[in-house]
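Open the structure in your viewer and keep the sequence panel beside it. The tour below says what to select at each stop.

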Amino acid sequence: RVVDFSDELSSTNDRAKELARQGAIHGLTVLACRQQAGRGRLQRQWESPAGGLWMSVVLRPNLSLADASKITLAASVAIVDTLQELFELPIGIKWPNDLVHKGQKLAGILGEVVGEWNTVQTLILGMGVNVNFPREQLNNTFPATTLQEILGFDIDLNLLAAKILENLEKELICLEEKKFDELKSKWTKRAIGLGEGVRILRGEDVIEGTFKGISIDGALILETGNKEITFSAGEVKLR
Ligand code: BTN
């Protein structure tokens with residue numbers, strides 16, 4: 001595996017994009033000890049002190065634009081499976097990709113398409129896991145936690161990264177073989193709020209309904225009144 005490692009970067013996603021534009025191969029992995037301007041979904045910032053796992057992978061899979069959100073769901077499942085296998089930690093997934101432990105966010109995923117997906121087929125898959133630092137180092141507006149807080153000890157970041165990448169590869173192979181159902185069922189087993197009343201924020205609008213599941217392209221299915229509406233991850237936030 002090709003790894004690009006830095007002590008500090010603005011964002012591993014930005015570095016991975018730059019390398020992708022220069023022709024980086026599928027699977028190239030960018031890691032940084034710290035990010036100065038880590039980014040989250042929906043233009044949020046992502047706090048990235050030393051001790052966290054800040055990683056972006058250049059993916060040139062045999063898939064299309066419609067599959068981009070499935071790949072981010074695959075990354076959620078890969079991280080959840082890793083934490084289950086290594087530490088028997090039960091992690092829930094808040095749609096689309098917030099990884100949550102007892103109501104507190106532990107990890108997040110940011111997928112970004114580079115250039116014309118249909119011609120170059122590149123997705124930058126950014127994964128951030130709060131690992132070896134106390135939660136006091138985060139000034140988030142949302143409740144967050146770290147593996148150090150949960151487990152009470154520090155863990156080897158290289159081992160964690162390797163295991164996540166191994167699980168991710170398995171999920172991607174499944175997707176390339178068009179076995180989305182397997183991934184969907186793994187994702188659904190961990191989903192938080194499934195079958196319950198939820199609120200979706202779209203800009204200033206609030207849409208209420210029942211969270212029915214995810215569609216074939218990874219969008220959220222909401223039942224309101226007696227119709228079903230789907231929302232893609234790019235446009236909305238789940239409350
Ligand atoms: C979110 O939950 O909003 C997504 C957070 C994604 C954070 C990771 S850390 C590595 C990569 N580089 C970034 O700038 N963001 C992602």
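The stops are the ligand, one residue in a helix, and one helix with two faces.

Two notes come before the tour. This is a predicted model, in which local features need pLDDT of at least 70, side-chain atom pairs count only at pLDDT 80 or more, and totals for chains, interfaces and linings use all residues. Residues are numbered from 1 along each chain as its sequence is written, and side-chain values use heavy atoms, with hydrogens and water left out.

**Stop 1: the ligand**

Select the ligand and the residues near it (near means that a heavy atom of the residue lies within 4 Å). There are 21 residues around the ligand, and the closest are Ser-11, Gln-35, Arg-39, Arg-41 and Lys-105. By type, this shell has six nonpolar, ten polar and five charged residues. Here Ala, Val, Leu, Ile, Met, Phe, Trp, Tyr, Cys and Pro count as nonpolar, Asp, Glu, Lys and Arg as charged, and the others, Gly among them, as polar.

Now show the side chains of three residues. In Ser-11, an N or O atom of the side chain is 2.7 Å from an oxygen atom of the ligand. In Thr-12, a side-chain N or O atom is 3.0 Å from a nitrogen atom of the ligand. A polar side-chain atom of Lys-105 is 2.6 Å from a ligand oxygen atom. The ligand on its own has 420 Å² of accessible area, and the protein covers 99% of that area (Shrake-Rupley method, 1.4 Å probe).

Which elements give two or more residues to this shell? They are helix H1 (12-21) and strands S3 (53-59), S6 (104-114) and S7 (122-129). S6 gives the most, with four residues. Helices (H or I, at least four residues) and strands (E, at least two) are DSSP runs, numbered from the N terminus.

**Stop 2: Ile-79**

Go to helix H2 (residues 68-87) and select Ile-79. Is Ile-79 buried or exposed? Ile-79 counts as buried because its relative accessibility is 1% (buried is under 20% relative accessible area, exposed over 50%; 1.4 Å probe, protein chains only). Leaving aside neighbours within four places in sequence, Ile-79 is in contact with Leu-99, Ile-109, Met-127, Val-129 and Ile-164 (contact means heavy atoms within 4.5 Å). Val-129 is 50 residues from Ile-79 along the chain, with 8.8 Å between their C-alpha atoms.

**Stop 3: helix H6**

Select residues 180-190, where Phe-180, Leu-183 and Trp-187 of H6 are buried. Seen down the axis of H6, its buried residues fall within an arc of 65 degrees, so they line one face (the arc is that of the directions from the helix axis to the C-beta atoms). These buried residues pack against H2, strand S4 (92-94), helix H5 (157-176) and strand S9 (205-214). Turn to the face away from the buried side to find the exposed residues Asp-181 and Lys-189.

Terms used. A polar contact is a pair of N or O atoms within 3.5 Å; within protein, one must be able to donate a hydrogen and the other to accept it, and residues adjacent in sequence count only if both atoms are side-chain atoms.
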